[in-house]
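Colleague: I would like to go through the terms used for this model and hear the reason behind each one. Please set each value against its rule.

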Amino acid sequence: MFLRHAENGARRLRELLADPEPIVAPGAYDCLSARLIEAAGFQALYMTGFGTAASFLGVPDVGLLGMSEMVDQARRIVQSVHVPVIADADTGYGNPINVIRTVKAYEDAGVAAIHLEDQVAPKKCGHLTGKQVIPPIDMIEKIRAAVAARRSADFTIIARTDARAVEGLDRSLERARRYKEAGADIIFVEAPESAQEVERIADALRDVPLLFNWAEGGRTPPMPYSRLRELGFRIVIFPIGPLLVAARAIGDLLDTLKRDGTPAAAMDHMMPFQKFVEFLGLQEIRDLERRFAQD
């Protein structure tokens, strides 16, 4: 990974969006989870804000992380993989002028796409209660600023509306249409609460590229991939599955250690140490040490 030069992620994401199959993007919360996603063969990944808050601060996703912290995490993840990274950019961290800075910072970090949401700051996870949304015109101004700020037309702007829980689905669809007209490349209607609502979103916005949030355990019911493909969703993110699995596995290991005094009974559930360091690229580092060692 140290001497690799990753391809242009934004351009590659645009190529994937042109394919008939939806882009499946599991959620990465750090560089290790990102590398595991890439190694599993996925063509893109999603940097989850929920997972970043949990792994970075150990807190829920309630707007405590700032732009610089999120961009720094995004940059590290981008540098650890070759696949395009779609990143959570929350509310853009302020007004349209702040959004301009946000877009430039994420683009400089090598991110392929960001999504901006229409929540009042401090925001909350889209599947938590107590959200508030800003007036549509305020979000439209942010989208216009984001589109104007990007240097590459390949950099993808995703507009997310959280209005379903606050104003109902009809108003969410109105917002979604206006956000697309403002210049957003992809629309993300967050947290529909039934399969019928998902289908209605797809039908009402059939001429608009859509993102579906398959939030593990969230307010939206599980939808089969085949059905999402039929409905025309272009991106499907699975934001927190890796995080939740890791949390449970670590908890189980610690329970074993507390009970037995050693982790011996859990060893069969661990990746072998040697295999793990090989996965991390130890051999590449040794090769570089030999390459640049003085005779």
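Colleague: To begin with, how many disulfides does the count come to?

Modeller: The model is predicted, and the count comes to zero disulfides. A disulfide is a covalent bond between the sulfur atoms of two cysteines. The rule asks for a pair of cysteine sulfur atoms within 2.5 Å, and by this rule the count is zero.

Colleague: Why is cysteine 31 called partly exposed?

Modeller: Partly exposed is the class between 20% and 50% relative accessible area. Cysteine 31 has a relative accessibility of 25%, so it counts as partly exposed.

Colleague: And what makes cysteine 125 buried?

Modeller: Buried means under 20%. Cysteine 125 has a relative accessible area of 12%, therefore it is buried.

Colleague: Which class does threonine 161 fall into, buried or exposed, and why?

Modeller: Threonine 161 has a relative accessible area of 0%, which is under 20%, so it is buried. Threonine 161 belongs to strand E5, residues 156-161. Leaving aside neighbours within four places in sequence, threonine 161 is in contact with Asp118, Ser172, Arg175, Tyr179, Phe188, Val189 and Glu190.

Colleague: Val189 is one of those contacts. Where else does Val189 appear?

Modeller: In the lining of the largest cavity, where Val189, Ile201, Leu211, Phe212 and Phe233 lie nearest the centre. That lining has 13 residues, and the cavity has a volume of about 70 Å³. Strand E6 (186-189), helix H9 (195-204) and strand E7 (210-213) each supply at least two lining residues, and E7 gives the most, with four.

Colleague: How do the lining residues of the largest cavity divide into nonpolar, polar and charged?

Modeller: There are 11 nonpolar residues, one polar and one charged.

Colleague: What lines the second largest cavity?

Modeller: Its lining includes Gly49, Ala53, Asp61, Lys123 and Asp90. The volume of this cavity is about 50 Å³, and its lining divides into four nonpolar residues, two polar and three charged. Gly counts as polar here, and Gly49 and Gly63 are both in the lining.

Colleague: How do you know that the span of helix H4 is close to the expected one?

Modeller: Helix H4, residues 67-80, has 14 residues and reaches 20 Å from its first C-alpha to its last. At 1.5 Å a residue, 20 Å is expected, and the span is close to that.

Colleague: Which elements do the buried residues of H4 pack against?

Modeller: Strands E1, E2 and E3 and helices H2, H3 and H5. Among the buried residues of H4 are Met70, Ala74 and Ile77.

Technical notes. Residues numbered from 1 in each chain as written. Predicted model: local features only at pLDDT ≥ 70, side-chain atom pairs only at ≥ 80, totals over all residues. Heavy atoms only, no water. 1 Å grid on protein atoms, 1.4 Å probe; cavity = no way out; pocket = protein on both sides within 12 Å on 5 of 7 lines; lining within 4 Å. Points joined across faces, edges and corners; volume = space filled by probe spheres on them. Buried < 20%, exposed > 50% of the residue type's maximum accessible area, 1.4 Å probe, protein only. Expected span 1.5 Å × (residues − 1). Contact = heavy atoms within 4.5 Å.
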